[in-house]
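User: I would like to go through this model with you, residue by residue where that helps. Please give the reasoning before each value or name.

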Amino acid sequence: ALADKEGESAGQGRLSFFEYLTALAFQAFAAAPIDVGVIEVGMGGRWDSTNVLDSAVQVICPISFDHEKWLGDTLTQIAQEKAGIIRPGATVICAPQADEALQVIRQACQEKNATLRLYGEDFQVREQKMAVGGQVFTLTTPAATYQDLYLPLFGSHQAVNAALAITAVEALGAGKALSEEVLAAGLDAARSPGRLEVLGGSPTVIVDAAHNPAGAAALRSGIEDAFGFQKVVGVFSAMGDKNVEGILAEMEPLLDAVVTLPMEGERAMEPVELAKIAGEVFGAEQTFAAPNLLDAVDQAVSLTEEGNLPADAVGIVIFGSVVLAGQARQLLSARIKPENTSH
């Protein structure tokens, strides 16, 4: 209330919930005190409340369409917002990008005299293969070649994410190579809750927070690479401002059926609209609706049982929203066992 009064008397208005949360986080980090802070932007970059920080290294992940209402409806516009985090003289670690996004990032780096480290040019994942509970790959960076790194996460995009993280840590450490022990311990501890996360077996239940077409594409390829399913049923819900048709179109080749459900809150998409779009993408016979998550999962289990396939040949994937992923993790947490993570 005090901050709001000060802001209003200075003619700057009130702070948003996210701005308060960011300020509280910065205060907690300062009081800790931390050695290294990894701060993820809330949305966009240029005008995001996290962007008041100075940093020596900035990481830009693959830029795709999301939050178009705020960030713009072309990749160039969205990239301009993202590139707002680039600091003068900093090192920018950049994932693979569409040409129009990369053009914006290159230009911003030139203007800010920042060093660009680009995936595919300056660092790259090679010899990637699936392994029990995750994957193994070799990584070449500006400082070293790291052989046979084990990462306990599914999806080829997660190896790229690991490459971004390792190259960023090198840049923070004056460009020196990391020790094998540090790297092995760091990667072994990597967890990504709600991202291609296995929440149970018989049938295998996977939860993923994919809420835009690019996320759905990564989810689909991750499941195709890591699991030998013969039948997959989707459980799906979404916020009203999301590209539902685009998300479902990316998942359609993988899924044999989809069960939609409503979510609480004013941002949620209307259940009737959700079911209508799903029906258009999958066809009426492959589309089902449930009143809540528990019923949706039960319905999906029943659908996987049709055809009498072996339990390890069928899967359920719950996706479409970070909120839904959180609810699914809560609902199914009792079923999480260590052995369920090894596939």
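User: Leaving aside its neighbours within four places in sequence, which residues is Thr91 in contact with?

Analyst: This is a predicted model, in which local features need pLDDT of at least 70 and side-chain atom pairs count only at pLDDT 80 or more, while totals for chains, interfaces and linings use all residues. Residues are numbered from 1 along each chain as its sequence is written, and side-chain values use heavy atoms, with hydrogens and water left out. Thr91 is placed in strand 2 (residues 91–94), where helices (H or I, at least four residues) and strands (E, at least two) are DSSP runs numbered from the N terminus. With contact meaning heavy atoms within 4.5 Å, and with neighbours within four places in sequence left aside, the partners of Thr91 are Ala56, Val57, Gln58, Thr115, Arg117 and Ala171.

User: Is Thr91 buried or exposed?

Analyst: Buried means under 20% relative accessible area, exposed over 50%, and partly exposed in between, with a 1.4 Å probe and protein chains only. Because its relative accessible area is 18%, Thr91 is classed as buried.

User: Which residues does Ala168 contact, leaving aside its neighbours within four places in sequence?

Analyst: Ala168 belongs to helix 6, and at 11% relative accessibility Ala168 counts as buried. Once neighbours within four places in sequence are set aside, the contacts of Ala168 are Val57, Val59 and Ile93.

User: Why is there no bond between the sulfur of Cys94 and that of Cys109?

Analyst: A disulfide is a pair of cysteine sulfur atoms within 2.5 Å, and the structure holds zero disulfides. Cys94 is buried at 0% relative accessibility, and Cys109 is buried too, at 3%. The closest cysteine sulfur to that of Cys94 is in Cys109, and it is too far for a bond because the separation is 7.6 Å.

User: Which strands are the edges of the open sheet in the order 4-5-6?

Analyst: Two strands pair if DSSP finds at least two bridges between them, and the three strands of this open sheet pair in the antiparallel sense. Strand 5 (residues 134–140) and strand 6 are joined by five bridges, Phe137 being the bridge partner of Leu149 and Gln135 standing opposite Leu151. The two strands make a hairpin with four residues between them. The strands that pair on one side only are strand 4 and strand 6 (145–151).

User: How many Å apart are the end C-alpha atoms of helix 8?

Analyst: The expected span of a helix is 1.5 Å times one less than its number of residues. Helix 8 (residues 213–226) has 14 residues, so it should span 20 Å, and the distance between its end C-alpha atoms agrees with this, at 20 Å.

User: Which residues have the most contacts inside the largest nonpolar core?

Analyst: A nonpolar core is a set of buried Ala, Val, Leu, Ile, Met, Phe, Trp, Tyr and Cys residues joined through side-chain atoms within 4.5 Å. The largest one has 28 residues, and helix 8, strand 9 (231–236), helix 9, helix 10 (271–282) and strand 12 each give two or more residues to it. Ile223, one of the buried residues of helix 8, touches Leu196, Ile206, Phe229, Leu254 and Val317 when neighbours within four places in sequence are left aside. The residues with the most contacts inside this core are Ile223, Phe236, Val317 and Phe319.
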